[in-house]
Every structure is written in structure tokens, then in C-alpha cells.
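Biologist: I am new to this structure and should be grateful for a guided introduction. Might we begin by viewing it together?

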Amino acid sequence: MILGEVIGKVIDAQTEEALEYTNVALYATKDSTLITGTMTSKNGEFHLEKVKGGQYYLVVNFVGYHNKVVPELILNSSNLHVDLGKIS
């Protein structure tokens with residue numbers, strides 16, 4: 001079984017300050033099933049571990065902000081570590 005990870009950092013687009021305690025959820029592309037989720041740390045970072053290989057999309061949700069969707073995340077044997085960098 002292929003297990004990978006998705007990491008990133010959520011920031012405010014205008015101030016570029018980290019957004020702490022932001023909800024981050026990973027969904028299966030094929031049927032929108034919630035796979036896993038977490039909240040960002042005080043420095044805005046998140047780390048989703050032990051994600052099975054497959055196709056996903058990520059939804060970032062924080063009160064007072066529009067939801068941000070990151071589409072087409074693919075985890076497979078040649079891509080086990082997905083670093084999304086800064087998400088604003």
C-alpha cells in the first residue's frame with residue numbers, strides 16, 4: 001500500500017501572515033469522501049500523514065475568509081510527498 005503526505009502553510013493573501021487554527025480537509029476526487037483533516041499550527045503549517053495513494057482535492061476553510069480549493073492532488077509511488085507551499 002502506498003502511503004504519502006501532504007504539507008503546506010496557510011497565509012493571509014494581503015498581509016502574508018500565517019493563519020493559525022485554519023481547517024484543512026482532504027477529499028477523494030472520485031466521490032468527495034472526506035479522507036482526513038487537520039488544523040494549522042500557530043505558524044500556519046499543516047501536515048497530513050499516512051494518506052493512501054490516489055487522487056484528491058484539498059479545502060482550506062477559515063472564518064471570515066472564502067474557502068480555498070486546491071484541486072488535483074495525486075499521490076502515487078513516484079509522488080509520495082506533496083508540498084503545496086504557501087496557500088493564500
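Modeller: Two strands pair if DSSP finds at least two bridges between them, and the strands themselves are DSSP runs (E, at least two residues), numbered from the N terminus. This is a predicted model, in which local features need pLDDT of at least 70 and side-chain atom pairs count only at pLDDT 80 or more, while totals for chains, interfaces and linings use all residues. Residues are numbered from 1 along each chain as its sequence is written, and side-chain values use heavy atoms, with hydrogens and water left out.

Biologist: What is the order of the strands in the open sheet of 3 strands?

Modeller: The pairing in this open sheet is mixed. Its edge strands, β4 (45–52) and β7 (81–87), each pair on one side only. The order is therefore β4-β1-β7.

Biologist: Which residue of β7 is the bridge partner of V6?

Modeller: Strand β1 covers residues 3–10 and is joined to β7 by 5 bridges. These two strands run parallel. Within β7, the partner of V6 is V82.

Biologist: With which residues is I7 in contact, leaving aside its neighbours within four places in sequence?

Modeller: I7 has its place in strand β1. Contact here means heavy atoms within 4.5 Å. With those neighbours set aside, the partners of I7 are F46, H47, H81, V82, D83, L84 and G85.

Biologist: What separation in space do the C-alpha atoms of I7 and G54 have?

Modeller: Along the chain, I7 and G54 are 47 residues apart. Between their C-alpha atoms the separation is 16 Å.

Biologist: Which residue stands opposite V59 in β6?

Modeller: Strand β5 (residues 54–61) is joined by 6 bridges to strand β2 (residues 23–28), and the two run antiparallel. Another 6 bridges join β5 to strand β6 (residues 68–75), also in antiparallel fashion. Opposite V59 in β6 stands V69.

Biologist: Which residue takes a positive phi in the hairpin of β5 and β6?

Modeller: This hairpin has 6 residues between its strands. The residue that takes a positive phi, near 90°, is G64.

Biologist: Is A13 buried or exposed?

Modeller: A13 lies in the loop between β1 and β2. Buried means under 20% relative accessible area, exposed over 50%, and partly exposed in between, with a 1.4 Å probe and protein chains only. Because A13 has a relative accessible area of 56%, A13 is exposed.

Note on methods: Helix = DSSP H or I, 4+ residues; strand = E, 2+ residues; numbered from the N terminus.
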